[in-house]
Amino acid sequence: MTQQVSELQELATKLFTQEFSSAAEIVCHAPGRVNIIGDHTDYNDGFVFPAAINFGTTIAAAKRDDKIVKVYAHDCDEQSNEFSLTDSSFDQSMMWTNYVKGTLLALMNKFPDINGANLVVTGNVPQGAGLSSSASFEIAILKTFAELYQLDLDGVTAALMGQQAENDFVGCNCGIMDQLISAMGQQGHAMLLDCKDLSFEDAPMPDDLAIFIVNSNVKRGLVDSAYNLRREQCEAVAKFFGVSALREVTMAQLHAAKEKISPELFKRAHHVVSENARAVTTLQALKTNDMATISAAMKQSHISLRDDFEVTTKEMDGLVEMIDGVLGVEGGVRMTGGGFGGCIVALVPTGLVAQVKDVVNNNYEKEFGLKPSIYHCMATKGAFR
Ligand code: GLA
């Protein structure tokens, strides 16, 4: 997890020469992301506030003059696979292949004439940790083919293609956040993204505020089914109100209808409606350096994801509690991403970095029997920026 982008590029280029006995034509990189606030809002047409991070997926590649795609995935157990662009079957035996296949199928809807490629893939986003290793993989594939074949592909369209691959091919009904920030993130900035119309605003991250990520190292199980269920529940409430998405429902309307929907559905919707407001508040507070407001919004966000949306684990709750004890109102901390395990994110003033590290290192393993991984991140630029 400490490799820098340039090291990944060198590695991918070297492996490409070994694997294909010729030099790569290009090397492309797409970042993973951390979501500072606004989780499970994107597929409700709501607001999210992520940043692209200095961990990602790198691909070394060369064109082919046939329709074959040969992939060497350095970080996977079964590393080599090949398929034809004309083959749209799901690969049961090598799951990672489906991200490549699904993404290229989506790309070919717009650019049907592309040829295949030889690819070497490597990366340093921890898998299954809620930092969007799969979205960075999809966006890296799209950037690679856009470069190889000089395609007129913009970042927002690429993000929609990556999401389509997940929704229609891989089988996860994710929203647009991860792919969009991986494509369009801005160096040194977080982004307030309105998932209803895909408009966004870049917000500078203050230099004296570190983006801290701690991986609880709880591997997420049955994620897709639990995630898809949450989405269905949100859609059921939107349907009850006769609107296209929960974005259109206000807190007053929700409370007025409390007796008419089940307590569980009420809680799910309550999270989404309140979380949208917190994401917008956080952007405004960041602009005015109002850390107490950011701190309160992140705290409420975690509580809401824990109690209303029920996607945290005791390990994530424990990490948030111990870090919050150090930060108080001088920083913010919450779970990040889809949940059910994975990471927490903290905004930590430079002066408190050492203390936050200590509290995690001294307590997490003792309490939960798992070693934490700590990543000190920077906000980086997306692949299409
Ligand atoms: C996953 C999905 C995103 C988003 C988050 C939760 O990362 O891929 O679309 O829904 O969960 O905010």
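## Where the ligand sits

Let's start with the pocket: the ligand sits in the largest one. Keep in mind as you look around that this is a predicted model.

So who are the neighbours? Around the ligand you'll find Arg33, Asp39, His40, Asp42, Tyr43, Cys174, Gly175, Met177, Asp178, Tyr227, Gly337 and Gly338. Sort this shell by character and you get four nonpolar, four polar and four charged residues.

## Polar contacts up close

Now zoom in on some oxygen atoms of the ligand. Arg33 places a polar side-chain atom 3.0 Å from a ligand oxygen. Asp178 also uses its side chain, with an N or O atom 2.7 Å from an oxygen atom of the ligand. Gly175 takes part through its backbone instead: one of its backbone N or O atoms is 2.9 Å from a ligand oxygen.

How much of the ligand does the protein bury? On its own, the ligand would expose 310 Å², and the protein buries 90% of that.

## Two domains, one ligand

Step back and look at the whole chain. The domain assignment splits the protein chain into domain 1 (3-202) and domain 2 (206-377). Their contact draws on 34 residues from domain 1 and 45 residues from domain 2. Going by C-alpha atoms, the centres of domain 1 and domain 2 are 25 Å apart.

Why does the ligand lie between the two domains? Because domain 1 and domain 2 both give residues to the shell around the ligand.

How values were computed:
Residues numbered from 1 in each chain as written. Predicted model: local features only at pLDDT ≥ 70, side-chain atom pairs only at ≥ 80, totals over all residues. Heavy atoms only, no water. Near = heavy atom within 4 Å. Polar contact = N/O pair within 3.5 Å; in protein donor to acceptor, adjacent residues only side chain to side chain. Areas by Shrake-Rupley, 256 points an atom, 1.4 Å probe, with all protein chains shown as cover. 1 Å grid on protein atoms, 1.4 Å probe; cavity = no way out; pocket = protein on both sides within 12 Å on 5 of 7 lines; lining within 4 Å. Sits in = over half its atoms within 2 Å of the grid points. Nonpolar A, V, L, I, M, F, W, Y, C, P; charged D, E, K, R; others polar. Domains from an automatic or database assignment. Contact = heavy atoms within 4.5 Å.
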